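Hi everyone, thanks for coming. I'll take a few minutes to walk you through two parts of one model, a sheet and a pocket.

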Amino acid sequence: MKLSILLSVLVIAAASAVPRQQRQFPDDFIFGTATASYQIEGAWDEDGKGENIWDYNTHRDPTIIDDQSNGDVAADSYHNYKRDVEMMRELGLDCYRFSLSWPRILPSGFPNHINQAGVDFYNNYIDEMLKYNIQPIVTLYHWDLPQKLQELGGFTNPLFEEWFEDYARVAYSLFGDRVNFWITFNEPMQICYQGYGSVTKIPQVNATGIGEYLCAKHLVMGHARAYHAYNNDFKPSQGGQCGLAINLQWYMPDTDSEEDAHAVDLMNQAYWALYTDPIYSPEGGFPKELSEIVAKKSAEQGYPRSRMLSFTEEERVYVQGTYDFLGLNQYSGNIVSATKYKTPQAVPSIYDDIDVGLTVDETWLKGQGASFYLVPDSLYNCLTLLRQRYNDPDIYVTESGWSGAPDASLIDEDRVTYYATIMEQMLAAIDEGVKLKGYMAWSLLDNFEWMRGYTERFGLYAVDFSSPERTRTPRLSAFFYKEVLCTRTAVAADYRPEEVASVDVPQPSRRARGMSRLYGRFVREEIASRGCLLRADPATMQLLVLLSLAVLGSNAASVKEERRFPDDFLFGTATASYQIEGAWNEDGKGESIWDHMTHNKPHVIKDQTNGDIADDTYHNYKRDVEMMRELGLDAYRFSLSWSRILPTGFPGQINQAGVDFYNNYIDEMLKYNIKPMVTLYHWDLPQKLQELGGFTNPLFIEWFEDYARVVFAAFGDRVKHWITFNEPREICYEGYGWTTKAPQLNATGIGEYLCAKHLVVAHAKAYHAYNNDFKPNQGGQCGITISTNYFAPLTDSDEDKAAAELFAQSQWVIYAEPIFSEQGGFPKELTERVGAKSKEQGYPRSRMPEFTEDEIALVKGASDFYGVNHYTSVFVSASDYKEEHPVPGQMDDADVGTFVPDEWPKSASVWLNQAPRSLYNALTDVHKRYNSPDIYVTENGWSSHGGLQDDDRIRYYRAALSDLLDVLDEGVQLKGYMAWSLMDNFEWMEGYTEHFGLYEVDFESPERTRTARKSALVYKHIIANRMIDPDYEPENLNISIDEGH
């Protein structure tokens, strides 16, 4: 093997040494150089440019880059583009390949806001090239995704396909009158495997065995959509071409065995054919053998479906043939073995899937980079392989180059040797019949070399990065390449110019090559009196509020025999996994979004604490059950930690220790006849799923169903009350549309609506999974819990009534309407408002996604009960009390003002006030709006700053429970009440500064000692007697377990 390689090198060297006149490149062959926006432009935050994934990650953690540098300034081409064009002229280039910075043109990633300064920069750049007959070849995407889109899952989100098409359409319309060569994506393997399946490129998602395959499909579909958009709507008038640029290493078998030949084929499938077969092959779709291997391994690893997505028949046809040319980036190669040279790989991962070994021949000429070698005949072999595999497409070599050290001499003989060899290989390929149309040397100038920073240099021109001007100086290779372009021959490697000092600039008379052209309720009678109340003078206002509270007190005081809670009414308390469990990384638990946020940004929590230990329920669950028994609870609502059961979020790995914990917890409750009411999701998403976009990714729907099926199977023989999601508004608006909950996505006006649809459909999928496959044997119920606060019009005007309704739609009806209403789908008025505002703001479609008819039918009626979390109320005005909100954003869409009277009693939480008749109004609203569903109050409580004598909490609970008796009298199908909370806990962004517990917790104590507050004894008395006694005062704060509990 080594002998044949050495002979091949000698042949190449001999060919390079004897240039022959007859071996000329065709007259229409185009020579150029290539660069990428992030690597050269700099000006990372100038003139309205948005943040990209490289900006974000190199600033957040500079250590990920070898020399801890970044591209903030880079070669400063943003300010030096005229010098760059001058260098192109010095070389005599026919063309220049560069990429657009997506966030420089669309700062948010979306087309609602086009940054004119960015457009002007590229217009000037393009015009400066064309002035000298240099044809621009434009890459739409060379790795610098807008960070805002990455936070929505980036390439792992199927919606990426439409985001990319929207961006492509903007670029075509802005520059397509002058740009006639478009490349959609540069190097899919580096984008997908290195960026999403490992950590060797940003965004370092490292979703091994999953992220790379999700990315592969969405990238290919994004390419096809951009191609069709160009072909159908721009090419007829602009007349250009559109293709894809792939990176292809040359893989050769270690031996002549069939096994090694097969290993080479698998390596090719995984490295590049995964992305090209769907587009360029006659049959379309992903490579058949790789697809079968991944499906088989996925099944063995416990996944419910293949980790590699498949194409539908419609998608396969849509993608197939979406090219005018194939762009080839070629640098190096490897020796491949079926049995040797293997290294440990992550399981699952694409490299574990193919299970081959790689090595190199140490006699190969080595570049500065760890993986750069001059591999004999590598470019020639790649070109002929592509010709054979894909039926002779037009090919451009869109990158090829050699890396040197930062301190290397300007006399870069290794690079010259590389280029001399490459020229010979291209001529040989042309002689072989390959339709090779052009060559782009990488790179015009030194630049930021990704994870290597400035430790490697690829430029024909050296750049002085210590100079403010970023001075460019030609290397020997620049003179060599200029000679190739002038003579259009394969110049010998020993070529030396007469004077290596300057390069003459040709005049604009250079020939052009013919290519120059080439996005109730209070709406009842009570409204009027509320409106009058708010218009009253302050003294009257205070008197009326006090009278209202007095009425509440008298209601609670008028204990009548008939005002008892039914015997089958469930009294309980509620908690959530992250808030109480602790043990954040024990016994195989995976990281959640709250783990990740509080560890990486502790300052976002009011007291800079976290839930690492919290109440330590993981170790104290028996004490918790003892407290339930002390209270005499009928039920206990708690949530499961998704990442404690499925550490990666996927069912390929079930953590038995986590399953055991919940089994023990459930069994301990049932031992004392306490019914477990289990919430599947109470805000602590596995971080790995968030890195794939979380709730903004439509694939979340199947991820959640998979998780639900695991827990139904594990615990459903004993759990009869299931809640899919806790408080969709807090998940979607606060977590994805704002920064008041993890993951703090802040994708205002977009994230909350994507989340809303995916959450609702995921709920329905989980419900149907339970209803069809588990309920027949287990006999339980499945519902959803929605934070249903009450919103009353400020006055009795039609405008305020409409404002109150619109605000309710934006806060909770958006999640309830698709499930509980007769018509299904999102609420009509809100849908129309968001659609109209989206259009005004320049989006190509509404920011609120629609339900298909099939989805409406799937979601409608998908619940056995409605869970109400209720705490307070506000008044709503169409014109007064408005505040500024982000545009776009859900609050801006609603465009209302809210008001809370100063006289309402205030808790320790700024948002929580005791509003008169608040719970009554909320429950009767749900009852009337949705045709009398079964309802459980799944949370209701009051916050304090601590202390055992909590009379304000007792007042709040008595008023709330009095409201419950009233709604029961009115026929509301109310089935139970869960007080928030059993004990103090980690109160999300407020840390441990607010306390909701019936039991106080000493967070300074290693044992997290629990002590009953006065409210615990009052609640115990209410449960035991099934009635409210306003005069009851416990003799002391001692609490014990009564007989029978």
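Before the sheet, one bit of vocabulary: two strands count as paired if DSSP finds at least two bridges between them. Keep in mind, too, that this is a predicted model.

Okay, the sheet. It's an open one made of 3 strands, in the order S21-S23-S24, with mixed pairing. Out at the edges we have S21, residues 790-793, and S24, residues 897-899, and each of those pairs on one side only. Going from one strand to the next, the twist averages 40 degrees.

Let's look at S23, which covers residues 873-877. S23 pairs with S24 in the antiparallel sense, over 3 bridges. So which residue stands opposite Phe-899 of S24? That's Phe-875. There's also a helix here: H31, residues 798-820, lies across S21, S23 and S24. Relative to S21, H31 runs at about 165 degrees.

Now, on to the pocket. I picked the second largest one, with a volume of about 1100 Å³. Its lining takes in 43 residues, and if you want to find the centre on screen, look for Gln-190, Gln-194, Gln-249, Tyr-271 and Ser-371, which lie nearest to it.

Where does that lining come from? Helices H9 (188-196) and H12 (258-280), plus strands S8 (333-337) and S9 (357-359), supply at least two residues each. H9 gives the most, with 4 residues. And the chemistry of this lining? We get 20 nonpolar residues, 16 polar and 7 charged.

That's my tour, happy to take questions.

Technical notes. Residues numbered from 1 in each chain as written. Predicted model: local features only at pLDDT ≥ 70, side-chain atom pairs only at ≥ 80, totals over all residues. Heavy atoms only, no water. Axes fitted to C-alpha atoms, helices over the stretch in contact; angles between N-to-C directions. Contact = heavy atoms within 4.5 Å. 1 Å grid on protein atoms, 1.4 Å probe; cavity = no way out; pocket = protein on both sides within 12 Å on 5 of 7 lines; lining within 4 Å. Points joined across faces, edges and corners; volume = space filled by probe spheres on them. Nonpolar A, V, L, I, M, F, W, Y, C, P; charged D, E, K, R; others polar.
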